[in-house]
Amino acid sequence: MEITRPAFTDRSTPIISYGIPFLEAAAHHVVNTFQARRVYVICSRSLAQNTSILNDLSLVLRTFSISMVGQRIGMKPHTLWSEVLDIAAEARSCEVDLFLTIGGGTLTDGAKAIVLVLANNARTFDDLSTLLEGQNEDPSSVLSTSLPDIPIISVPTTLSAAEYSNIAGATNDSTHYKHVFHTPSPRLVILDPQLAASTTPASIWLSTGIRAVDHCIETFCAVKGTTESSDSLALTALANLVPGLLRCARDPDGNDLDARLSCQLGSVDAMAACSSKGVEMGASHGIGHQLGPLGVGHGDTSCILLPAVCKYNARHLANKEQQIRLRDFLLNQPGVGDVLQSRGLIKPDTDLSDLLDAIIRELGLPRSLSEVGVKRNRLDELAANSLHDRWCATNPVPLVNKRQVLEILEMVI
C-alpha cells in the first residue's frame, strides 16, 4: 500500500511516497497528480548502465501515452553550470512539462537549477549569475526571479536529502566556486528502499547518511534560531539514521530493507530540522561546500569535517551544552555502545567529536583529506573560498579569517 504525506508539517511540499515500487508510484503520479505528457528523465550513470531502469520506466509511461522526450545519463559531481544550461536548452526545445530524477543529490540539485533557468530564460553564465541568492548569497537579499512552474519528481538513491531543500548548489566551471540558488524543492519524492539497496554502492549510501547526520548535528548545535521543534526533529532523525546506518553497514547484500527505509525517513526529518526557519548551519556545511568542487563527494565532506568542526567549537567553548546532550543521546542509541567498546573508548570520557569519529570509522568511511586526494597545497585556497560561504560566518564560533579555517583543516589533513 502506498503511503503519501507531506515531508514537513509546516509546508505542503514536497510530498513523500513510499510503500510501493517506484515504477508504480512514478507512473501513477505523472498521470494523476501532475497530468504530465512530456517527461525529461535525469538518471545516474551507474543505474543507467547497470540496470534496465530507463527502459522499464519508458515502457510504463508509454502504456499511459506519456513520452520520455529527453534523458540525461549522469551529471558531474557538484552540478556544473555548463551542464545545467545544456540540459535546460535541450528541455526547452522538447517542451518538457515534468522532470524526473533517479539518483543522488547532484542530479536533484541539477533539476532544481534547470527549472529555475527555464523559468527565467537564462542561457549564459552571466544570466545564471543574476539568479544567485544575492550578494554573498545572503537569503535576505534575494534578487527578483520568476519561480519555476515545471514540477520535479525525485527518486533518491542516496541520503543527502537535496530533494527536500529549497536551495540548489551548483558550481561555476570557470571559478570552481560552488554557489547557492533559491528554488523550490521537487513536488514529489518517491522512496524505494529496494531500489536503493539493489543499486547504490555501500560507500555512497553510508557517506550520504553521514551527510544527513551532519544536518542534525549542526542544527542541534547551532547557537541561533533553534527551537524545541527543530531539536526534536534532529533527535528523531538521529534515532533513525545512526542505528540504521550501522545496520546497513552489517548488511552488504541489502536484505535489511527496514534499516534502509529508517535511514530514508531519518533523512527527511534531518532536512526538516535544518530547514526550520531561522536555523543556521555551521562550518562543516560551509567548508564542505567548497571542498566539493575539489572532487570530494557530498557525503565524504561531512565524514571528514563534522568531527573536526565539533572539536573546534568545543575547544572554543561555543556550544558545550548542546554537544554534551547530543553525545548522551547518541550513547543510548542501539549499536553505538558496541562501537565504542570495540574501539576501546570509555563512555564517560568520550566527547561528541570522538563519538562521531568512531561511528564514521565503523562505517568504513574516509576521515582525512588525504584519503580523498586533497593535498596540503590546496588548503590555503580552500580556506579562502570557505570564508565566502555564509555557513562559515554562522558557525557557533564564526569563521572570519583563514587562520580559523586552517585550524580545522589541519585536524583532518
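**Group meeting: a walk through the predicted model**

Let me begin with threonine 13, which, once its neighbours within four places in sequence are left aside, is in contact with Phe8, Ser185 and Arg187. I should say at once that this is a predicted model, and everything that follows should be heard with that in mind. Threonine 13 sits in the loop between strand 1, residues 3–6, and strand 2, residues 15–18, and with a relative accessibility of 34% it counts as partly exposed. The C-alpha atoms of threonine 13 and valine 189 are separated by 9.4 Å, although the two residues are 176 residues apart along the chain.

Turning to the C-terminal part, an unreviewed UniProt entry places the feature "domain: Fe-containing alcohol dehydrogenase-like C-terminal" at residues 207–410. In the model that span is 65% helix and 0% strand, and its end C-alpha atoms lie 21 Å apart.

Which residues have the most contacts inside the largest nonpolar core? They are Val213 and Ile217, in a core of 40 residues. The elements that give two or more residues to this core are helix 8 (202–220), helix 9 (228–249), helix 10 (257–274), helix 12 (298–315), helix 13 (320–331), helix 14 (336–342) and helix 15 (352–362). If we take valine 213 and again set aside its neighbours within four places in sequence, its contacts are Leu238, Leu241, Val242, Leu245, Leu306 and Leu356. There is also a second, separate core, of 29 residues, which includes Val96, Leu116, Val117 and Leu132. As general background, nonpolar side chains tend to be buried together in soluble globular proteins.

Let me stay with helix 15, which is mostly covered, with eight of its 11 residues buried. Those buried residues are Leu352, Ser353, Leu355, Leu356, Asp357, Ala358, Ile359 and Ile360, and what covers them includes helix 8, helix 9, helix 12, helix 13 and helix 14. At the N-terminal end, helix 15 is capped by aspartate 351, which has a side-chain oxygen 3.2 Å from the backbone nitrogen of serine 353. After helix 15 comes glycine 364, whose phi is positive, near 75°.

Aspartate 357, one of the buried residues of helix 15, brings me to the charged pairs. The side chains of arginine 367 and aspartate 357 meet in a salt bridge, at 2.6 Å from N to O. This pair links distant parts of the chain, since arginine 367 is in the loop between helix 15 and helix 16 while aspartate 357 is in helix 15, 10 residues apart. Both partners are covered: arginine 367 counts as buried at 10% relative accessibility, and aspartate 357 is buried with a relative accessible area of 18%.

How many salt bridges does a search of the whole structure find? The search finds 17, and I will describe two more of them. The side chains of arginine 72 and glutamate 83 meet in one, at 3.9 Å from N to O. Because arginine 72 lies in strand 4 (residues 67–73) and glutamate 83 in helix 4 (residues 81–94), the pair ties together parts that are 11 residues apart in sequence. Arginine 72 is buried, with a relative accessible area of 15%, and glutamate 83 also counts as buried, at 13% relative accessibility. Salt bridges that share partners join Arg72, Glu83 and Asp86 into one network.

The other pair lies in helix 8, where the side chains of aspartate 214 and arginine 211 meet in a salt bridge at 4.0 Å, N to O. Aspartate 214 and arginine 211 are three residues apart in this helix and are therefore separated by about one helical turn. Aspartate 214 counts as buried at 0% relative accessibility, and arginine 211 counts as buried at 6%.

I will close with a contrasting case, aspartate 389, in the loop between helix 16 (379–386) and helix 17 (390–393). What is the nearest side chain of opposite charge to aspartate 389? That is arginine 390, 6.2 Å away, and aspartate 389 is buried yet has no salt bridge. A polar atom of the aspartate 389 side chain does lie 2.9 Å from the backbone nitrogen of tryptophan 391. Not counting residues up to four places away in sequence, aspartate 389 touches Tyr177, Gly286, His289 and Gln290.

Note on methods
Residues are numbered from 1 along each chain as its sequence is written. This is a predicted model: local features need pLDDT of at least 70, side-chain atom pairs count only at pLDDT 80 or more; totals for chains, interfaces and linings use all residues. Side-chain values use heavy atoms; hydrogens and water are left out. UniProt positions are given in the numbering used here, feature names are shortened, and annotations may be inferred rather than shown by experiment. Helices (H or I, at least four residues) and strands (E, at least two) are DSSP runs, numbered from the N terminus. A nonpolar core is a set of buried Ala, Val, Leu, Ile, Met, Phe, Trp, Tyr and Cys residues joined through side-chain atoms within 4.5 Å. Buried means under 20% relative accessible area, exposed over 50%, partly exposed in between (1.4 Å probe, protein chains only). Contact means heavy atoms within 4.5 Å. Lys and Arg count as positive and Asp and Glu as negative; His and the chain ends are not counted. A polar contact is a pair of N or O atoms within 3.5 Å; within protein, one must be able to donate a hydrogen and the other to accept it, and residues adjacent in sequence count only if both atoms are side-chain atoms.
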